[in-house]
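I opened this entry to record what I looked up about how the parts of the model meet, how confident the prediction is, and where the backbone does something unusual. The entries follow in the order in which I checked them.

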Amino acid sequence: MAGLSADSRHHEQRGFGRDVALFSALFALILLVAFVQGSPYALRMTVEAFAYALIAIGLNIQWGYAGLFNVGIMGLILAGSFASLFVSFPVNAAFWASDAAPQLGMAFLWLILAVVIVGLISQSWRVGVPKGLSTALTIISGAIAFMVIQSVFDAPTTAVERQAGWIGGLGLHPLVGWAAAGLVAGLISWVIGKICLGLRADYLAIATLGIAQIIKTFLRNADWLTRGTLTVSPLPWPVPTPLDVGFLWGRSYYLALSAALLLVVYLLIQRAYHAPWGRMMRAIRDNEAAAASMGKNVNGRRLEIFVLGGALMGIGGALLVHFNQLFDPAGFVDLNHTFLVWVMVILGGAGNNRGAIFGAVFVYIVWVMSEPAATALFRLASDLGRDWFDWVPPADLQSRALQMRVFVIGLTITLVLRFAPHGVLPERIARG
Amino acid sequence: MDELIFFVNRGLIGGLVIGSIYALGAVGVTLIFGILRFAHFAHGDVMTAAAFATLVLVGLLSGLGIDVGLPLAIVLLPVVFVLTALFTIGLDRAFYKPLRARGARPVVLVMASIGVTLMLQGLIRIVFGTGNYDLLGGERKVIYRIPTGFRDIVLSQPQALLIILTALSVICLHLFLTRSRLGKAMRAVSDNPDLARVTGISLDTVVNATWVIGGGLAAIAGVMLALDVNLQPDLAYNILLPIFAATILGGIGQPYGAVAGGYVVGFSETLAVFNWSVLLRPFAGVLPFDLPANLSVVPNEYRLAVPFVILIIVLIYRPTGIFKGRVF
């Protein structure tokens, strides 16, 4: 930052004051919640908000740095938290003792074999097979491989379900699980990114929306892997749990850990933003053709950032799910885990990580508080309606009141896009 | 032979019905994509909204005792067509036009359309709850049975009408796009907006026409889908992915491609979840292996994976789609 001009330094300072004011207000808001609802409640809310902040940073680097449109956040959160669950949940001895385990191992060998064969066929054009024929062969062999794999997995998975319920975890430390969460989510992002990043931005949105639904369908129906609708709990904590040390301390430890993680991630990402790498990312975002003509590998850099963002989403998801100690694939919905994160990022200010963190914590507090508020509002309205107009409120008023939040999320997105496209903490262009 | 008729009933008619729905949706999405340059994520909820509007109208008019031999929901289709068309123009004015005027990137419009989707979903659920509704107002569906000498070929009235309406819409659309001045203007804007503007085509008119066609066809698809299955708030949100798959498969901005894509996706989906062992059962004695009870390519839970896989294959191997749409 040697060449920072006086003008931009002044600009930075003015922005800094705004940051301080907003974050102080946020801190006061958390204190207020702690005062009204009690410390354990406020601690829980803050931990969850920090987990969302990690996810929001992940989206912020995808969208704010590189302009990549990801609406499959829910799928990455779900995949990441499942990976973490699998790595860190205690070992299910019944499974490893049963003869279903070697059968399942064989099935996985088949899977690897099938992937290798289809992969080789898809590359056959390199050795002179006509491109069209190669494509056709790949699609046909892919379909056959899919059916074979399906039938190969059928027997072992039913055996697992019958003999042991499900396969259980690996019993490693939860922090290893979180790392696995990042790895798996990053891997999924790599595959999606590899396919879609060279194409127009809308395609990425459509593909990510689809992959999220498919990950969810798979984890919901694969009872042998996730216990499906039976759900898995309690997920282990990397710190002493409330059962050992009480709510206040347990949650405080968890909060300290997630705050530390958030801080480390923030500092690293911030450093990357000001590094030549970050400048190149912005150059690609703002003028793709110019960046490409300067010899930058546009799609390669985009893939990098898409994977990095995806990994952060996976880790954030693991943080969130481990904290609640319950893994229920049906509990992941686009609204809470995709669009809420979008509101956080665009409200906070796309391209600014402090904005993403502020947006995440603030929006999450509003989100949590809006549940009782919406219910109260609807109850008041229905009471008035009954007293004044003899209106009979429908029986499912409570659930309808919660739908109010869907509407408000949508309205917020459209209003912010129209009237405050840069959010409350806009991106500050670093010069130098 | 019974097995073959079962296949016709389940596989072919099922594919034709869902394919028609996808085709109607995809034509709208592809026109919007081609002319306004963004993926309209709210299209599914426009369909749902149209179906709920029909529900309200049917409720209001069912007391009048109108009887023309068709369900009221179908009689009201022209009204709902117009209402939905106006509604989508309103959506455009309120949410998309200001962004376009500011020169926002297309991807910002995609996000705005997601916001609109959420607003529509929220509003529909606040007003109607999350329960199931029946658009026929309690009447039984008329079922046509075509005797074949074996099992009957079964087709419900809404299904038959849907297939006819889709065919009619495609013919009308074709005539409109090739014969009328406005239709030609739309194609011109889709091909090259700057050049079209220079030749004096009014962009506003073209945009409005796009929404009328897109919204109107979405209304038909939504009402017919609600007649075929039950009407519920997330009726059409779930078919968004197949519609996008059909659009991209057909080629962005290619209405005929969208129709073809809709049927390809519809048939692949239906045939992928079809239990093929039913067809093979007569040959159980001569087959070298035991016939499993269920022999479908994909289990029914993974139905959604079929359009997704089609989408991925198209994106990898032919991002322009069958009919050479645009990629930019």
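**Chain A against chain B.** I began with charge pairs and found 0 salt bridges between chain A and chain B, a salt bridge being a side-chain nitrogen of Lys or Arg within 4 Å of a carboxyl oxygen of Asp or Glu. I then counted 4 residue pairs in polar contact between chain A and chain B, both residues at pLDDT 80 or more; a polar contact is a pair of N or O atoms within 3.5 Å, where within protein one must be able to donate a hydrogen and the other to accept it, and residues adjacent in sequence count only if both atoms are side-chain atoms.

On the side of chain A that touches chain B, I noted that α6 (131-164), α7 (174-196), α8 (201-221), α15 (334-348) and α17 (397-419) each supply at least two residues, and that α8(A) gives the most, with 14 residues. Helices here are DSSP runs of H or I of at least four residues, numbered from the N terminus. I sorted the residues of this side of chain A into 31 nonpolar, 12 polar and 6 charged, with Ala, Val, Leu, Ile, Met, Phe, Trp, Tyr, Cys and Pro as nonpolar, Asp, Glu, Lys and Arg as charged, and the others, Gly among them, as polar.

For the extent of the interface, I recorded about 4400 Å² buried between chain A and chain B, of which carbon and sulfur atoms give 76%; buried area is the accessible area (1.4 Å probe) that two parts lose on being put together, summed over both. Arg200(A), Tyr203(A) and Ile206(A) supply 16% of the area that chain A buries against chain B, more than any other three residues. The contact, meaning heavy atoms within 4.5 Å, takes 49 residues from chain A and 55 residues from chain B.

**How it was read.** I am working from a predicted model, in which local features need pLDDT of at least 70 and side-chain atom pairs count only at pLDDT 80 or more, while totals for chains, interfaces and linings use all residues. Residues are numbered from 1 along each chain as its sequence is written, chains are lettered from A and ligands numbered from 1 in the order written, and side-chain values use heavy atoms, leaving out hydrogens and water.

**Confidence.** The model scores ipTM 0.88 and pTM 0.90. I noted a mean pLDDT (the predictor's confidence in each residue, from 0 to 100) of 88 for chain A, with 96% of its residues at 70 or more. Among the elements of chain A, helix α1 (residues 6-37) has the lowest mean, 78, and helix α3 (residues 73-88) the highest, 95. Over residues 1-10 of chain A the pLDDT is below 50, and this stretch has 5 contacts beyond near neighbours in sequence. Where pLDDT is low, the predicted coordinates should not be read in detail.

**Domains of chain A.** The assignment, automatic or from a database, gives domain 1 (24-92 + 166-419) and domain 2 (93-165) in chain A. I found about 780 Å² buried between domain 1 and domain 2 of chain A, with 63% from carbon and sulfur atoms, and 0 salt bridges between these domains.

**Backbone.** I noted a cis peptide bond joining Ser233(A) and Pro234(A), with omega about -10°, and a positive phi of about 65° at Arg227(A), which is not a glycine. Arg227(A) lies in the loop between α9 and α10 of chain A, and Pro234(A) is found in the loop between α9 (223-226) and α10 (242-245) of chain A.
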